[in-house]
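Me: Could you take a close look at one part of this model for me, the cysteines, and put it in context with how the chains relate and how a pair of helices packs?

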There are 2 protein chains.
Amino acid sequence: MDRLPVVVVHGGAGNIPNERSEKSRSGVCSAARAGYVILQKGGSSMDAVVEAVTQLENNPVFNAGCGSVLTACGEVEMDAIVMDGKTLASGAVSAVRNIANPVQLARLVMEKTSHVCLTAHGANQFARVMGIPEVPQESLITEYSRMRWKKNLAPDANPVECQMGKMGTVGAVAVDIDGNVACATSTGGLLNKMEGRVGDTSCIGCGGYADNQVGAVSTTGHGEAIMTVTLARLILFHMEQGPGYDVPGWTKPHTPAVDLLLAYLKGLFAPFTQLPRGR
Amino acid sequence: MDRLPVVVVHGGAGNIPNERSEKSRSGVCSAARAGYVILQKGGSSMDAVVEAVTQLENNPVFNAGCGSVLTACGEVEMDAIVMDGKTLASGAVSAVRNIANPVQLARLVMEKTSHVCLTAHGANQFARVMGIPEVPQESLITEYSRMRWKKNLAPDANPVECQMGKMGTVGAVAVDIDGNVACATSTGGLLNKMEGRVGDTSCIGCGGYADNQVGAVSTTGHGEAIMTVTLARLILFHMEQGPGYDVPGWTKPHTPAVDLLLAYLKGLFAPFTQLPRGR
């Protein structure tokens, strides 16, 4: 083995209710293990991140695949992205419906088309051509998702508070024994989002980015805020500068990437508009 | 007047056939003039870029609004984005149909929703709520678009050659007398694209980006290649570093941003895979 492979998995930003914390933890651990087994056998970082994210999509605890939050109309529309750090190839789907594993469809967009992103009906049409079965929407909706959606419809509901809850986008980054990095991210998006809302996840440089010469990123949080600063690409730009790079306005002794990450994590729990502007 | 306002307009990358060159030039000039009149009267850079791009969308010579290229199925699906450099607010639509001015709808997404991007049917549904009339698809299709699409269907057609022809995405950047910058981009996408294909235009940091503290960019070219390097954001990152910044691998005495632009323009006429990788 040339070098030790690594996989890092996340199960989404936001406050995890106590009664779901153990399930979240074990879901993330099990997905990370599944990805790591692939890497240990000499599999690619792309295989590892897609496997890890597939497991999280199949796990009803997370807001991706089965377990996705519902749109304002009570439906499931999902976004996903993958990126290969060796070739900079990427694939994404947005606002796709009735698909159990959007991350696998995103990978097929990368591998089987000349495009980078397919959206809505076009993505579903492509899935049919690829032989990916459509699943009933009901199979993607959990009781918990429906309960949160109904709560949000109540006359006294606070929509901002509802959206600030557990977001639960899932993602993974990995480096394999050949030194190739990859990222994958998948989400049901924002609770109560408008039909057709596309967040950061399927947007290259926002929901994820991977480049062998720098690193790989998978993001989670309030999509619109992440998009404002093209967060994944921004983190890699700062990492590319190295620890000696002077970021105007930053004074702490951390590397800029660490600073940025700290500021971002802080931002997740602050009003959305307080995210760093990229400098 | 505090400072001289500026508007820069483009009518898309690619080879312009001789018989269309004069119309392209006059269309771009007239759009730039319309944007400039707004700036001279003290209007905002956002007003100026949206007006300029609206004029180009209405001009059948360009691949945006009326004049959009056709998908593989012979239909029109359009993408557009706007971004305000003062607030970093942005709005976009992707794969939208039957809308005369997608750039105006993108602006409404920014101003009237809590989202950044709406796609496909969701974007059309939002348009209806906003009172934007749907137009018949036929009103967006020119004889020239249909001729190119048919040519592409011929048994001896070279799909790569067809796609390498005039792309004609339109865009504008501006700075107003208050020093605020903005960008707008609009396109019918790639000729013969798959249904639901989303290119760079509606993707923040790819089809456009604007930040008062750095500048504003609107891109045009092969969308998938632009997305690979998140080109708009990449250009601004390099501009942010200033002329003294050392870009690994670059040896010429130009500033990095100019180098990058030169490399990119060269890339437009080279195989798509030869675009710079971002360093």
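Reply: Chain B drops onto chain A with an RMSD of 0.0 Å after a turn of 180° and a shift of 0.0 Å along the axis. That is what a two-fold axis does. Both copies use the same surface, with 100% of the contact residues of chain B recurring in chain A. Keep in mind that this is a predicted model.

Now to the cysteines. Counting over all chains, you get 0 disulfides. Take Cys117(A): its nearest cysteine sulfur belongs to Cys203(B) and is 7.7 Å away, while a disulfide needs the two sulfurs within 2.5 Å, so Cys117(A) is in no disulfide. Cys117(A) is also buried, at a relative accessible area of 5%. Cys183(A) is unpaired too, and here the nearest cysteine sulfur, on Cys206(A), is 12 Å away. With a relative accessible area of 0%, Cys183(A) is buried as well.

As for the helices, look at α3 (residues 102–112) and α4 (residues 120–129), both in chain B: they pack at an angle of about 75°, with their axes 11 Å apart. That angle makes α3(B) roughly perpendicular to α4(B). On the α3(B) side, the contact is made by Leu105(B), Leu108(B), Val109(B) and Lys112(B). They meet Ala123(B), Phe126(B) and Ala127(B) from α4(B). Sort the residues of this contact by type and you get 6 nonpolar, no polar and 1 charged. The charged one is Lys112(B), over on α3(B).

Methods: Residues numbered from 1 in each chain as written. Chains lettered and ligands numbered in written order. Predicted model: local features only at pLDDT ≥ 70, side-chain atom pairs only at ≥ 80, totals over all residues. Heavy atoms only, no water. Least-squares fit on C-alpha atoms with pLDDT ≥ 70 in both. Contact = heavy atoms within 4.5 Å. Buried < 20%, exposed > 50% of the residue type's maximum accessible area, 1.4 Å probe, protein only. Axes fitted to C-alpha atoms, helices over the stretch in contact; angles between N-to-C directions. Helix = DSSP H or I, 4+ residues; strand = E, 2+ residues; numbered from the N terminus. Parallel < 35°, antiparallel > 145°, perpendicular 65-115°, else oblique.
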